Amino acid sequence: MRALRRPSLVVRYLRRAWRNRRLRRGAATHPEFYRAVMADDVRSRTAKGAVGTASEEGWQAAGRKQFRFLRDHGLTRRHFLLEIGCGNLRAGRRFIRYLQPGHYTGVDISPEILLAAQETIVEYELQDKNPRLFLVSGVSLEFLAPESFDVAHAHSVFTHTPIEVVMAYFAEVHRLLRPGGFFDFTYHDSDKGAWSVLAEDYYYPTSLLLERAGDVGFEGRQLEDWTYSQPKIRLTKPT
Ligand SMILES: C[S@@+](CC[C@H](N)C(=O)[O-])C[C@H]1O[C@@H](n2cnc3c(N)ncnc32)[C@H](O)[C@@H]1O
């Protein structure tokens, strides 16, 4: 019905379906496909648009919300923070400013968005904070030392990844966190099983994500005081 009232939505959907079919043909894995999606989105929109907030106000608001929530829910300046899918540092720039130098690590699968992240560091004069930014394969963080982080954060990343990628990150983050450390991430909630749209948007029941996280040793719960279109789960590594 919504589509009938707004034919432009149908046109947009068909364009995306066609684009994604083409990009999937050249990709062996989902992260490779999504890397191509990001390259196309940065090129055809902007880096801000590619992370989901085309306007300056929207980009600032989305970053502010993530930052304030994490700061008010346990992140201290002395913590070492890992941000998975850091994008162009919409929230990352605020984490970097807040944390002690060298305590922020951002990883992403997209070279284009990491170049935009470097521009953000220059724009906000954060060079002295020595943020670490890494291009990653999209499933493995083997190059990072075990138990070297206190907090991990992934906003609007597992909304774009299949369950095998989510599970790989659960195992990696569990390895990387110190005992007592926690991992907050957002997701699209589903009350009718796991499903996806155009291999670009993924929906999961909360219970499924908590079960999979439990399999690798996490204790988890949904964070009720986080109010946003995507709910948030906190996983804690037991001490
Ligand atoms: C919607 S954007 C959000 C960016 C950032 N978290 C923020 O809130 O501004 C999703 C980001 O996740 C990255 N991404 C997608 N799949 C990934 C994966 N498997 N590993 C790491 N990053 C990934 C994308 O390249 C993109 O930068």
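This note goes through the central sheet of a predicted model, then the helices that pack on it and two residues in and beside strand β6.

1. The sheet as a whole. The model contains an open sheet of 7 strands, in which the pairing is mixed and the order is β3-β2-β1-β4-β5-β10-β9. Strands β3 (132-135) and β9 (219-222) stand at the edges with a single partner strand each, so one side of each is left without a neighbour in the sheet. From one strand to the next, the twist averages 15°.

2. The β3 edge. Strand β2, which covers residues 104-108, pairs with β3 in the parallel sense over 4 bridges, and threonine 105 stands opposite arginine 132 in β3. Helix α7, made of residues 111-123, lies across β2 and β3 and runs at about 165° to β3.

3. Strand β4 and its two partners. All of β4 is buried, that is, 6 of the 6 residues, so this strand is largely enclosed by the rest of the structure. Its pairing with β1 is parallel and extends over 3 bridges, with leucine 81 standing opposite valine 151 in β4. The pairing of β4 with β5 is also parallel, with 5 bridges joining the two strands, and here alanine 154 stands opposite phenylalanine 185 in β5.

4. Strand β10 and the β9 edge. Of the 5 residues of β10, 4 are buried, so β10 too is largely enclosed by the rest of the structure. Strands β5 and β10 run antiparallel and are joined by 5 bridges, and phenylalanine 183 stands opposite leucine 235 in β10. Strands β9 and β10 likewise pair in the antiparallel sense, over 4 bridges, and this pairing sets two arginines across from each other, since arginine 221 has arginine 234 in β10 as its bridge partner.

5. Helix α8 over the sheet. Helix α8, residues 163-176, lies across β1 (81-84), β4 (149-154), β5 (177-186) and β10 (232-236). With respect to β5, the helix runs at about 145°.

6. Helix α9. In this helix, which spans residues 206-215, the buried residues are Thr206, Leu209 and Ala213. Viewed down the axis of α9, these buried residues fall within an arc of 70°, so they line one face of the helix. They pack against α8, β5, β6 (188-189), β8 (201-204), β9 and β10, a set of elements that includes strands of the sheet described above. Glycine 217, which follows α9, has a positive phi near 110°.

7. Helix α3. The length of this helix can be checked against its 15 residues (30-44): at 1.5 Å a residue they should span 21 Å, and the end C-alpha atoms are 21 Å apart, which agrees. The buried residues of α3 are His30, Pro31, Phe33, Tyr34, Val37, Met38, Ala39, Asp40, Asp41 and Val42, a list in which the two aspartates, Asp40 and Asp41, stand alongside hydrophobic side chains such as Phe33 and Val37. The cover over these buried residues includes α2 (7-25), α4 (47-50), α7, α8 and β8.

8. Aspartate 189. This residue is placed in strand β6 and, with a relative accessible area of 41%, is partly exposed. Not counting residues up to four places away in sequence, aspartate 189 touches Tyr203, Tyr204, Pro205, Thr206, Gln222 and Pro231. Its side chain makes a polar contact, at 3.2 Å, with the side chain of threonine 206, which is one of the buried residues of α9. Between aspartate 189 and serine 207 the separation is 18 residues in sequence and 9.8 Å in space, C-alpha to C-alpha.

9. Serine 190. This residue is found in the loop between β6 and β7 (195-197), and it counts as buried because its relative accessibility is 8%, whereas aspartate 189 is partly exposed. A polar atom of the serine 190 side chain lies 2.4 Å from the backbone oxygen of glycine 193, and a reader who relies on the local geometry may wish to look at this distance directly. Leaving aside neighbours within four places in sequence, serine 190 is in contact with Trp195, Tyr203, Tyr204 and Pro205; of these, Tyr203, Tyr204 and Pro205 are also touched by aspartate 189.

Technical notes
Residues numbered from 1 in each chain as written. Predicted model: local features only at pLDDT ≥ 70, side-chain atom pairs only at ≥ 80, totals over all residues. Heavy atoms only, no water. Pairing = 2+ DSSP bridges. Axes fitted to C-alpha atoms, helices over the stretch in contact; angles between N-to-C directions. Contact = heavy atoms within 4.5 Å. Buried < 20%, exposed > 50% of the residue type's maximum accessible area, 1.4 Å probe, protein only. Arc of directions from axis to C-beta. Polar contact = N/O pair within 3.5 Å; in protein donor to acceptor, adjacent residues only side chain to side chain. Expected span 1.5 Å × (residues − 1).
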